[in-house]
Amino acid sequence: SKLEKFVDELPHMPKILGYHLSDGVPKSKSLKIGMFKKKWKFHRDLAPATVYAFGTTKHTATVPGPTIEALYGVDTHVRWQNHLPPKHILPWDPTIPTAMTNSTRGIPTVVHLHGGIHAPESDGNANAWFTSKYNERGPTWTKKTYHYPNNQQPGNLWYHDHAMGLTRVNLLAGLLGAYIIRHPQIEDPLGLPSGDEFDRTLIVFDRSFRTDGSIFMSSTGNNPKIHPQWQPEYFGDAIIVNGKAWPRLTVRRRKYRFRIINASNARFFRFFFTNGLRFTHVASDSAYIEKPVTTNETLVGPSEITDIVVDFSQSKSNLAILANDAKYPYPAGDPVNEANGKVIKFIIVPDQEVDTSRVPKRLLEYPVVDLSSVAHTRYVAMYEYASDIDEPTHLYLNAKPYEAAATETPKVGSTEVWYVINLTEDNHPLHIHLGLFKVLDQTALVKPDDEFRECMKKINDAVKCHVDKYARGKKEEVPAHERGWKNVFKMIPGHVTKIAVRFSYIHTNASYVFDATTEPGYVYHCHVKYTYHFF
Ligand code: C2O
């Protein structure tokens with residue numbers, strides 16, 4: 001049966017403050033947030049699905065989880081607790097490197113705060129997983145309570161499971177949520193739309209459902225002879241926003257801020273409004289941009305965050321649908337259809353009050369990246385192919401799989417330039433933990449580049465393979481709203497993307513350097529396949 005769209009109201013996820021006020025003074029807070037197996041209704045006409053949900057109690061747990069609101073400079077401690085019974089609700093594959101084996105007595109999970117700048121021990125390393133009651137623990141597990149200093153620029157983060165070999169299924173089951181760092185002294189003067197009604201977080205992902213309401217994921221892998229279940233990408237036909245399929249929201253004719261997190265496994269969204277309303281970007285991922293940028297559409301890869309202001313007073317109609325036209329897989333897959341091309345319906349009603357919010361000409365200012373002080377230049381090649389014995393293809397970084405020893409060893413507080421060479425067919429959203437980067441340019445490889453590709457398979461050293469000779473094609477324009485500090489960026493296939501990475505805290509006029517840089521170390525990876533690599 002076909003699900004009717006726009007019948008559920010857009011939910012507000014529960015809010016949890018990451019600080020408390022004592023006589024009006026913000027003080028650090030310790031939270032306990034659990035992961036529970038429960039039922040969740042994704043649509044009015046769907047029976048509740050079994051999910052894994054974050055919450056302070058099972059009863060209040062939601063998909064996505066509660067939004068944690070932290071305050072700049074005030075510590076938030078979270079004890080993430082795993083209450084999941086054994087036997088995964090979704091198919092998983094024991095033949096890929098994974099935390100779960102047939103003898104594991106619980107579901108391994110570990111929480112990563114995506115976009116956070118904190119000590120590695122609190123980063124949710126894939127091998128720092130644990131099962132219910134910490135009965136079993138992964139090899140890099142060190143502690144129960146994670147510490148988030150919130151000593152970074154204000155903005156949008158999200159938390160999600162990061163367990164080895166299970167991240168894709170644990171996220172599909174519901175283990176994700178938003179985390180916002182607020183900095184009132186800096187943000188209030190900007191005058192942007194604020195308060196729970198006008199400043200909203202939208203977590204968007206795609207899912208498919210069986211007729212009984214349960215989440216559908218194919219239990220047969222792309223090459224079941226070798227990996228019975230392993231599928232590198234998941235696409236669902238229903239678009240879920242804050243836990244409801246194609247919800248609707250009644251808005252007033254005034255400005256709203258939407259922090260939109262693409263929490264899909266592999267789906268890119270190119271959002272646009274069916275009635276021509278525009279987006280004014282104020283931030284991207286976890287950081288404000290310097291000046292607002294207005295566009296008609298915005299392409300958001302998996303795990304990217306777009307932070308926009310929409311002025312509904314400019315709407316020519318009383319209805320506006322936020323739609324999507326990104327092919328899947330992006331960029332060369334199928335065109336969207338009637339279902340996955342729609343996201344939310346906005347019903348626009350008159351505003352009885354004066355809208356005093358605004359979008360200022362300037363947002364936040366950052367120090368310029370000084371390329372003369374770059375500590376290191378690195379070449380990172382993403383290449384995907386099948387080994388002689390193995391199928392399907394694997395994603396390699398400089399010919400190394402995730403399990404390989406660390407190769408990149410940057411110093412905290414340093415700035416490096418990386419050339420990321422994407423020799424795969426897909427656009428890969430590259431994510432770097434515990435740092436931020438700026439995209440400097442994206443250059444196509446000149447054709448034919450077969451010699452270069454062959455060389456990269458054999459020697460896998462971009463310099464020795466004469467990357468300079470090939471990285472001279474057309475330069476792709478980096479959209480203005482994505483030229484600020486990012487933690488995820490879209491690596492276009494057949495292109496070399498040059499980024500400046502800063503391995504530390506970045507702020508308007510301060511510079512903060514971490515001293516804890518030891519193991520388990522930092523991670524960078526593609527957010528689609530979670531094939532990643534330590535450094
Ligand atoms: Cu969004 Cu390594 O994570």
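A salt bridge, the kind of contact this tour follows, is a side-chain nitrogen of Lys or Arg within 4 Å of a carboxyl oxygen of Asp or Glu. The model on your screen is predicted, and it holds 30 salt bridges, of which a few are worth selecting in turn.

Begin by selecting Glu482 and Lys490, whose side chains meet in a salt bridge with an N to O distance of 2.6 Å. If you switch on a surface, keep in mind that both Glu482 and Lys490 are buried.

Next, select Asp285 together with Lys486, where another salt bridge is found, at 3.2 Å from N to O. This pair links distant parts of the chain, since Asp285 sits in the loop between strand S18 (279-284) and strand S19 (287-295), while Lys486 belongs to strand S30 (residues 485-486), 201 residues apart. Asp285 is buried, with a relative accessible area of 1%, and Lys486, at 1% relative accessibility, counts as buried too.

Now move to Asp199 and Arg182, whose side chains form a salt bridge of 3.3 Å, N to O. Because Asp199 lies in strand S11 (residues 199-209) and Arg182 in strand S10 (residues 176-182), the pair ties together parts that are 17 residues apart in sequence. Is each partner buried or partly exposed? Asp199 has 10% relative accessibility and therefore counts as buried, the cut-off being under 20%, whereas Arg182, with a relative accessible area of 23%, is partly exposed.

Finally, keep Asp199 and Arg182 selected and add Lys15, Glu69, Asp196 and Arg259, for salt bridges that share partners join these residues into one network.

Technical notes: Residues numbered from 1 in each chain as written. Predicted model: local features only at pLDDT ≥ 70, side-chain atom pairs only at ≥ 80, totals over all residues. Heavy atoms only, no water. Helix = DSSP H or I, 4+ residues; strand = E, 2+ residues; numbered from the N terminus. Buried < 20%, exposed > 50% of the residue type's maximum accessible area, 1.4 Å probe, protein only.
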